[in-house]
Amino acid sequence: MPIDHIDSWSQFGLSGLVIAALFAFCWFLVKEHKAERQEWITAYREQSSLMDERQSETNGVIRELVAVVREANKR
């Protein structure tokens with residue numbers, strides 16, 4: 001928690017406690033957003049890997065089709 005001593009904020013009354021709560025809330029949001037960005041990066045990398053595999057497979061199939069068409073044209 002970014003605020004170690006909530007008692008020091010209480011000397012400013014209710015407004016001090018509200019400010020401390022807002023600081024804590026902002027810190028929590030930043031921490032959660034950072035974790036969420038890491039999840040996004042992981043998901044993006046997995047998706048990219050799957051797309052690379054699919055593209056390689058598609059390229060292989062197209063190469064095979066090209067070979068078949070060339071064989072057919074030779075006849």
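A residue counts as buried here when its relative accessible area is under 20%. By that yardstick, just 5% of the 75 residues in this predicted model are buried. The protein exposes about 6900 Å², and 60% of that area comes from carbon and sulfur atoms.

As for the fold, the protein has 2 helices and 0 strands. Helix 2 covers residues 13-74. Does its length fit, and what span should its 62 residues give? At 1.5 Å a residue, helix 2 should span 92 Å, and its end C-alpha atoms sit 91 Å apart, so the two values agree. The buried residues of helix 2 are Gly 16, Ala 20 and Ala 24. In an α-helix there are 3.6 residues a turn, so residues three or four places apart point the same way.

Then there's the outside. Leu 14, which belongs to helix 2, has a relative accessible area of 67%, and it is therefore exposed, the cut-off being over 50%. Leu 14 also helps make a nonpolar surface patch of about 380 Å², together with Leu 17, Val 18 and Leu 22.

Key: Residues numbered from 1 in each chain as written. Predicted model: local features only at pLDDT ≥ 70, side-chain atom pairs only at ≥ 80, totals over all residues. Heavy atoms only, no water. Patch = residues over 30% accessible without salt bridge, like charges linked within 9 Å, V, L, I, M, F, W, Y side chains within 5 Å. Areas by Shrake-Rupley, 256 points an atom, 1.4 Å probe, with all protein chains shown as cover. Salt bridge = Lys/Arg side-chain N within 4 Å of Asp/Glu carboxyl O. Helix = DSSP H or I, 4+ residues; strand = E, 2+ residues; numbered from the N terminus. Buried < 20%, exposed > 50% of the residue type's maximum accessible area, 1.4 Å probe, protein only. Expected span 1.5 Å × (residues − 1).
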